[in-house]
Amino acid sequence: MILSVSNIHKSFEEVPVLQNVSFHIEDYEKAAIVGINGAGKTTLLRIIMGELSADEGVVTLSKDKSVGYLSQHQTVSGDNTIYDELLSAKQDVIDLEQRIRSTELQMKTASGERLGELMDSYSKLTHAFENANGYAYKSEVTGVLKGLGFEEEDFSKQVSTLSGGQKTRVALGRLLLQRPDLIILDEPTNHLDMSSITWLETYLLNYKGAVIIVSHDRYFLDRIAGKIIELDNTRSTVFTGNYSAYAVKKEQLRIAAYNAYMNQQREIRHQEEVIEKLKSFNREKSIKRAESREKMLNKIEVLEKPTQVRSDMHLRLEPRILSGSDVLQVKNISKSFDHLTLFEQLSFAVKRGEHIAIIGDNGTGKTTILKIINGLLTPDTGEIRPGTNVEIGYYDQEHHVLHPEKTLFEEISDAYPILNNTQIRNTLAAFLFTGDDVFKKIDSLSGGERGRLSLAKLMLSESNFLILDEPTNHLDIMSKEILEDAINAYTGTVLYVSHDRYFINRTASRILCLDHQTLTEYLGDYEYYLEKKEEQLARMAEQAADSASAKTTADSLGTASENKQDWKAQKEQQAAKRKKENDLKKCEEAIERLEGRNTEIEQLMASPDICTDVARLQELSKEQTENMEQLESLYEKWEELSES
């Protein structure tokens, strides 16, 4: 065990934030801490790091173990270049190298016993240098920089000139290169594009140490975490498995807790009715029995009512009118800034009801495309042609649709003057702004609060074409799920930019990938995009192998062809294996969902409210039969996939 967190309590101004929080991290374990915004995740990390003191409880780090921490806000500064800043993480290796060089120089002039001592020292130094991967430390620094999205021309930039996001990436790179026994990362993907996030996932999966992550990136958590530590209502619960497994178990526990609460409430009401009836008899024996029951009732530990799933925020997107079938035509648009060309001759069409995601690395021009469609920027070439009866609702990641000088109440009332005070307050309450919150100035709001307010305005717009720029930024997991459900239920058209792969996988039916100044279309979700992307890379490698083999001799051509076929077969096997694993996962999820529903049906059919309702019983029985038929088919499919 590398870390033990035991019975941590923390309050601010007598308001409990953490109560009795306990968990442990084993050597090499990868764990995630999850919870809504304000649940105390960052507070817990700061207590672990000793930046905050706990009111009660103990944090224990194993002896001689090192820990590295990446906070959300970095203060990296100084005149170092990006490369030198990361190179400083290897100072111990650099010092070793200098001592080796110094020893080599001394060995040239030494003799006798002194030479023997130097040779012995040299052997120890070179052995330590090899163990520290000294011969490749410069390549390691370059690899980490490129993995985190820095180009070689960026290496010489001074850290002091960087943006906040770039400084965070520099701090992350330096931390990774230090290779502590335990890495603690607070929202590490916030300033990374998809390629960099994928690189970081692979790096952490192969990392020879323990990792604790706080993140709202569910796809990231799915790939890395083997343990989920949930903070909910100030307390911690530990779940084994990745995020998807946690979500299923959490829902099962919530249903069980709610059923237990309802059963107890029914029993309490029943006992109260019996007590009241016994007292009404007005007989000494009956009154004593009533008093005895009252004492028993008072000793019952009353269960708290579980919070309903995502019941705190309410988002319903519904278009006011129906648009035409052709929602948008984008023809041959190009855009450059100074000498930087973002894209050239891009064309695509949007049809009514489509949910389209635009993806690509940072700086490729995704947000620029949305701004051009919204008329906020003018393209250098090409045209944008909206369809008939199209009404656009725009959500931008900088929240320029909001007015910083206004209060929340004024923002809604000025935009929608037809709403009365009660309607405005109800709307804001649906997005967790209650009481005096509605009179806060917008410039005092956090990123997540501005996101919720922008979503409120988007809902009120009743637009039939939503254009969203990074809509999940600053939202916690619960809010993301609410937004996903709202988009999936939305009958209008959606075009959005996002790097949230879980969100894309749940909401997109078509993907446009912006890469090397062009758009490539994929007719499916994010998993489909990954599958097709891998096939494309395999084809490109095959073509490269063909080109290289044409230059070889006849003998070497035969060998190269065999190698190419082996490589191709290997890639095909990998693709087939991943598809089978994906199919198996979906099959298991479907089985779990149907079995869970059948359990619910059995409970419903046994409940007093329904067991006497013949029509409802028939309806539930029919649904249960249909579920069993589907399950039989799924069981067979699962067997086939498991054995193949």
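Glu-344 is partly exposed, because its relative accessible area of 45% falls between the limits of 20% for buried and 50% for exposed. This residue belongs to a predicted model, and the report that follows describes a selection of its features.

## Glu-344 and its surroundings

Strand S11, which comprises residues 340-351, is the element that holds Glu-344. When neighbours within four places in sequence are set aside, the contacts of Glu-344 are Ile-333, Ser-334 and Gln-517. A further distance concerns Asp-380, which is 36 residues from Glu-344 along the chain. The C-alpha atoms of Glu-344 and Asp-380 are separated by 9.1 Å.

## The loop residue Lys-441

Lys-441 is placed in a loop, with helix H13 (421-430) on one side and helix H14 (447-461) on the other. Is Lys-441 buried, exposed or partly exposed? Its relative accessible area is 42%, and Lys-441 is therefore partly exposed. Apart from neighbours within four places in sequence, Lys-441 is in contact with Pro-404, Glu-405, Lys-406 and Thr-407. Lys-441 and Thr-368 are 73 residues apart in sequence, and their C-alpha atoms lie 29 Å apart in space.

## Salt bridges

Side chains of opposite charge can pair when their charged atoms come close. In this model the count of salt bridges comes to 37. Three of these pairs are set out below with their N to O distances.

| Side chain | Partner | N to O distance |
|---|---|---|
| Asp-217 | Arg-501 | 3.6 Å |
| Arg-510 | Glu-521 | 2.6 Å |
| Glu-600 | Arg-597 | 3.1 Å |

The salt bridge between Asp-217 and Arg-501 has an N to O distance of 3.6 Å. Asp-217 is in the loop between strand S7 (210-214) and helix H8 (218-224), while Arg-501 is in helix H16 (residues 501-507), so the pair ties together parts that are 284 residues apart in sequence. Asp-217 has a relative accessible area of 5% and is therefore buried. Arg-501 also counts as buried, at 2% relative accessibility.

The side chains of Arg-510 and Glu-521 meet at 2.6 Å, N to O. This pair links distant parts of the chain, with Arg-510 in strand S17 (residues 510-515) and Glu-521 in strand S18 (residues 518-522), 11 residues apart. Arg-510 is buried, with a relative accessible area of 7%, whereas Glu-521 counts as partly exposed at 41% relative accessibility.

The remaining pair in the table joins Glu-600 to Arg-597. Why are Glu-600 and Arg-597 separated by about one helical turn? They are 3 residues apart in helix H18 (residues 554-606), which means a separation of about one helical turn. Glu-600 is partly exposed at 28% relative accessibility, and Arg-597 is partly exposed at 23%.

Salt bridges also form a network, in which Arg-218, Lys-480, Glu-484, Asp-485, Asp-500 and Arg-506 are linked.

## A mixed sheet of six strands

Strands of a sheet pair through backbone hydrogen bonds, either parallel or antiparallel. One open sheet in the model has 6 strands in the order S5-S6-S7-S3-S8-S9, and its pairing is mixed. Strand S5 (67-70) and strand S9 (235-240) are the edge strands, each of which pairs on one side only. On average, neighbouring strands of this sheet are turned by 15 degrees against each other, direction ignored.

Within the sheet, strand S3 (residues 30-34) pairs with S7 in the parallel sense over 4 bridges. Lys-30 stands opposite Val-211, a residue of S7.

## Helix H6

Helix H6 (residues 164-178) has 15 residues. At 1.5 Å a residue its expected span is 21 Å, and its end C-alpha atoms are 21 Å apart, so the two values agree.

How many of the 15 residues of H6 are buried? The number is 11, and H6 is mostly covered. Among these buried residues are Gly-165, Lys-167, Thr-168, Arg-169, Val-170 and Ala-171. Others among them include Leu-172, Gly-173, Leu-175, Leu-176 and Leu-177. The cover over the buried residues of H6 includes S5, helix H2 (82-87), helix H5 (137-147), strand S6 (182-186) and helix H7 (194-205). Just after H6, Arg-179 takes a positive phi of about 50 degrees.

Methods
Residues numbered from 1 in each chain as written. Predicted model: local features only at pLDDT ≥ 70, side-chain atom pairs only at ≥ 80, totals over all residues. Heavy atoms only, no water. Helix = DSSP H or I, 4+ residues; strand = E, 2+ residues; numbered from the N terminus. Buried < 20%, exposed > 50% of the residue type's maximum accessible area, 1.4 Å probe, protein only. Contact = heavy atoms within 4.5 Å. Salt bridge = Lys/Arg side-chain N within 4 Å of Asp/Glu carboxyl O. Pairing = 2+ DSSP bridges. Axes fitted to C-alpha atoms, helices over the stretch in contact; angles between N-to-C directions. Expected span 1.5 Å × (residues − 1).
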